[in-house]
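Me: Could you take a close look at one helix of this structure and then follow its surroundings outward, element by element? I would like a connected account rather than a list.

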Amino acid sequence: MIRKLLLAATLTGLAGGSASAQIALNPKSQWTIDWNNRLGTDFAYLTRYRADNERLVPTPGHPRIVFMGDSITENWAKMGSELFTLGRIGRGISGQTTPQMLLRFRQDVIDLHPAVVQIMAGTNDIAGNTGPMTPEQTQANIRSMVELAHAHGIRVILASIPPADQFPWKPGLDAASEIVAMNGWLKHYAARSGCVYADYWSALKRPDGLGMRDGLSSDHVHPTKAGYAVMAPVAEAAIKRALAMPAPRKTAVE
């Protein structure tokens with residue numbers, strides 16, 4: 001009982017988190033079973049990269065760039081070897097929402113002391129993977145991650161949510177319009193907060209703006225290898241811009 005109360009108390013401090021939420025996928029899928037079980041035992045999945053983080057070594061001459069995100073980022077690290085060269089570290093976890101990313105932000109970003117972090121988040125908030133969330137709750141979590149990064153002298157790239165006309169695991173959602181609205185906020189907030197905005201949405205979208213162009217997505221949401229090839233130049237340009245900026249002044253007490 002004490003353990004459950006502590007978990008509930010932790011989650012109430014994060015916008016939109018819910019330990020009892022379950023993702024609407026095939027209940028016979030092992031991935032779904034593991035996901036639902038983990039929500040009550042390791043909500044942020046801190047064990048996913050803990051050992052990898054301990055094994056990291058410096059890469060002289062190659063500034064460290066951390067990519068924080070969900071399955072789109074996780075798959076990119078696996079499929080986009082041309083982007084993930086020395087110093088480029090993928091910290092995406094499939095299915096994750098911004099409350100989960102915020103919980104692991106210190107372990108998987110701050111403690112790695114990167115020069116730059118890219119934050120790509122929001123797809124699964126819209127889908128409600130950890131429970132219903134308002135746009136304002138998603139925005140609050142993203143703002144908190146940016147503020148934490150800046151307090152530790154880390155430059156930030158805010159990535160747009162890639163286009164999607166539907167979420168196969170959550171049918172019936174008006175995904176496209178919600179993505180457009182969130183991307184509008186991300187672009188505006190990036191300009192106000194001194195972040196770089198990486199516009200993957202424009203690079204991937206169909207002419208109608210409702211989804212990805214043919215061949216760039218495997219399931220309306222996740223990019224194919226060809227999709228990641230389209231995204232890579234956007235990422236490289238964003239990284240170049242971020243590294244050219246002065247590092248934010250550290251204000252956190254170490």
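Reply: In this predicted model, helix α5 is largely enclosed by the rest of the structure, because nine of its 11 residues are buried. The buried residues of α5 are Thr98, Pro99, Gln100, Met101, Leu102, Arg104, Phe105, Gln107 and Asp108, so that the list takes in Arg104 and Asp108 alongside Met101, Leu102 and Phe105. As general background to such a list, an α-helix has 3.6 residues a turn, so residues three or four places apart point the same way.

Following the chain out of α5, one enters the loop that leads to strand β3, and His113 lies in this loop. Most residues other than glycine have a negative phi, whereas His113, which is not a glycine, has a positive phi of about 55°. His113 is also exposed, since its relative accessible area is 64% and the cut-off for exposed is over 50%. Tyr45 offers a second case of this backbone feature, with a positive phi near 55° in a residue other than glycine. Tyr45 is placed in the loop between α2 (30-38) and α3 (50-55), and with a relative accessible area of 21% Tyr45 counts as partly exposed, because the buried class ends at 20%.

Beyond the loop with His113 comes strand β3, residues 116-119, in which Val116 and Gln118 point one way and Val117 and Ile119 the other way, while all four are buried. This arrangement can be set beside the general rule that in a regular strand the side chains alternate between the two faces of the sheet. Strand β3 has partners on either hand in the strand order β2-β1-β3-β4-β5 of an open sheet of five strands, whose pairing is parallel. The edges of this sheet are occupied by β2 (88-92) and β5 (196-198), each of which has a single partner strand, so one side of each is left without a neighbour in the sheet. Neighbouring strands of the sheet are turned against each other by 20° on average, direction ignored. Between β3 and strand β1 (residues 65-69), which run parallel, there are four bridges, and within this pair Val66 stands opposite Val117. Between β3 and strand β4 (residues 155-159), again running parallel, there are four bridges, and here Arg155 of β4 is the bridge partner of Val116.

Helix α5 appears once more in the surroundings of helix α7, whose buried residues are covered by elements that include α5, β3, α6 (123-127), β4 and α8 (175-193). Those buried residues of α7 are Thr138, Gln139, Asn141, Ile142, Met145, Val146, Ala149, His150 and Ala151. The length of α7 agrees with expectation, because its 17 residues (135-151), at 1.5 Å a residue, should span 24 Å, and its end C-alpha atoms are 24 Å apart. Just after α7, Gly153 takes a positive phi of about 75°.

The sheet is also met by helix α10 (225-244), which lies across β1, β2, β3, β4 and β5 and runs at about 180° to β5. Helix α10 packs in addition against helix α4 (residues 71-79), at an angle of about 95° and with the axes 11 Å apart. The two helices, α4 and α10, are therefore roughly perpendicular to each other, as angles of 65 to 115 degrees are classed in this way. In this packing, Ser71, Ile72, Asn75, Trp76 and Met79 in α4 meet Lys225, Tyr228, Met231, Ala232 and Ala235 in α10.

The loop that precedes α10, between α9 (200-204) and α10, contains Gly209. Gly209 counts as buried, because its relative accessibility is 11%. Gly209 and Ser177 are 32 residues apart in sequence, and their C-alpha atoms are 9.2 Å apart in space.

As a frame for these local views, the secondary structure of the protein chain comes to 10 helices and five strands, and 52% of the 254 residues of the chain count as buried. Among the contacts with a separation of 6 or more, 73% come from residues 24 or more positions apart. The accessible surface of the protein chain comes to about 11700 Å², and 57% of this surface belongs to carbon and sulfur atoms.

Key. Residues are numbered from 1 along each chain as its sequence is written. This is a predicted model: local features need pLDDT of at least 70, side-chain atom pairs count only at pLDDT 80 or more; totals for chains, interfaces and linings use all residues. Side-chain values use heavy atoms; hydrogens and water are left out. Buried means under 20% relative accessible area, exposed over 50%, partly exposed in between (1.4 Å probe, protein chains only). Two strands pair if DSSP finds at least two bridges between them. Contact means heavy atoms within 4.5 Å. Accessible areas come from the Shrake-Rupley method with a 1.4 Å probe; for residues, only the protein chains shown count as cover. The expected span of a helix is 1.5 Å times one less than its number of residues. Axes are lines fitted to C-alpha atoms, for helices over the stretch in contact, and angles run from 0 to 180 degrees between N-to-C directions. Angles under 35 degrees count as roughly parallel, over 145 as roughly antiparallel, 65 to 115 as roughly perpendicular and the rest as oblique.
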